[in-house]
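Work through the following exercises with the model open beside the text, trying each task before reading its solution.

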Amino acid sequence: MSDTQKIWLDGEIVDKSEAKISVFDHGLLYGDGIFEGIRMYSGRVFRLTEHIDRLFDSAKAILMKLPWTKEEVIQATVDTVKANSLTDGYIRLVITRGTGGLGLNPYLCETPSMFIIAANIQLYPEENYENGLELITCATRRPTPASLSPQVKSLNYLNNIMAKIECIQAGVMEGIMLNEQGLVAECTGDNVFILKRGVVYTPPIADGSLDGITRQVIFDLCESEGIVIKEKSMTRYDIYTADEAFLTGTAAEVIPFVKLDQREIGDGKPGAISQQLITAFRKLANSEGTPCV
Ligand code: PXG
């Protein structure tokens, strides 16, 4: 994006060069804040209400009182997209705890700050959708929901970043993260699905994954496409021996993976049901959403 990029910051649209927050903001000092990553297709924001609902749930869970209504946040998002004349892209909505002292106490912080960035998106290369990704299992575990709920999309992503470093060092783009019991939770920024004997399975969110918006889209699409889908706790064995496997996320959309820890999944090629869901997802993403024109 060029220097003319416009950022929404605490109620104003400002130039990228003017979009600054304090070094005393607890979002920066402690990762005390929340965010959403949202996509837009063909001039419409995809599942915007669902993202804003999740953002407000994150705020409630961390006792952050927001000075905006959901309608105002939706309007701010649309205004940011318009200010950047975007039709397709990625929207990052961030809310920080606000400025405070050099201590953890969030009650001493002033009002939360919100900024919204609307940008072009860097996608996985199309060949990854055609040939499928290779994954590893990361040694870094997802923390138990008893210490921090994975539903809170917080500004502290170090756990996922540690796992992402492992992926990059291994020469792959994503990796499976297990919970403390060794059950499959999710990937560093995506949810996990497998297909076995015609049924799609994904781990229950209680096993340590984010309740992904795209994950929910897969449940909707399976229903409309007549595909059986179930939640099931799984170990790596279930993935190694699956017929097909794919990931979902706002950035990745629906993308097949064909290898985990050097085991080929199925015949090592993206499966028919995965491809059917990719096609159905793309059709849906380009046909619904909150208009920004
Ligand atoms: N798990 C985690 C830990 C995530 O961060 C997902 C699953 C998928 O959820 P959605 O709601 O997007 O279907 C996420 C979302 C990025 C990026 O910049 C990451 C996400 C979303 C948007 C951008 O890598 N992660």
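**Exercise 1. The sheet**

How many bridges join strand S5 to strand S6, and in which direction do the two strands run?

Solution. The model is a predicted one, in which local features need pLDDT of at least 70, side-chain atom pairs count only at pLDDT 80 or more, and totals for chains, interfaces and linings use all residues. Residues are numbered from 1 along each chain as its sequence is written, and side-chain values use heavy atoms, with hydrogens and water left out. Strands (E, at least two residues) and helices (H or I, at least four) are DSSP runs, numbered from the N terminus. Strand S5, residues 89-96, is joined to strand S6, residues 113-119, by 7 bridges, and the two run antiparallel; within S6, Met114 is the residue that stands opposite Ile95.

Next, place this pair in its sheet, where two strands pair if DSSP finds at least two bridges between them. The open sheet has 7 strands with antiparallel pairing, in the order S2-S1-S6-S5-S3-S4-S16. Its edges are S2 (12-15) and S16 (290-291), each of which pairs on one side only. Helix H2 (residues 48-61) packs on the sheet and touches S3 (33-41), S4 (44-45), S5 and S16, where contact means heavy atoms within 4.5 Å.

**Exercise 2. Two helices**

Determine how helix H6 and helix H8 pack, and which kinds of residue meet there.

Solution. Begin with the geometry: H6 (residues 213-225) and H8 (residues 272-285) pack at an angle of about 105°, with their axes 10 Å apart. Because angles of 65 to 115 degrees count as roughly perpendicular, H6 is roughly perpendicular to H8.

Then list the partners: from H6, Thr214, Val217, Ile218, Leu221, Cys222 and Glu225 meet Gln276, Leu277, Ala280, Phe281 and Leu284 of H8. Sorted by type, the residues of this contact are 8 nonpolar, 2 polar and 1 charged, with Asp, Glu, Lys and Arg counted as charged, Ala, Val, Leu, Ile, Met, Phe, Trp, Tyr, Cys and Pro as nonpolar, and the others, Gly among them, as polar.

**Exercise 3. The cavity**

Which residues line the largest cavity, and which elements give two or more of them?

Solution. On a 1 Å grid over the protein atoms alone, a cavity is a set of points where a 1.4 Å probe fits but cannot get out, and lining residues have an atom within 4 Å of a point. The lining of the largest cavity consists of Arg39, Tyr41, Phe46, His51, Ile213, Thr214, Gly249, Thr250, Glu253 and Phe281. Two or more of the lining residues come from each of S3 and H6. By type, this lining divides into 4 nonpolar, 4 polar and 2 charged residues.

Definitions and conventions
Axes fitted to C-alpha atoms, helices over the stretch in contact; angles between N-to-C directions. Parallel < 35°, antiparallel > 145°, perpendicular 65-115°, else oblique. 1 Å grid on protein atoms, 1.4 Å probe; cavity = no way out; pocket = protein on both sides within 12 Å on 5 of 7 lines; lining within 4 Å.
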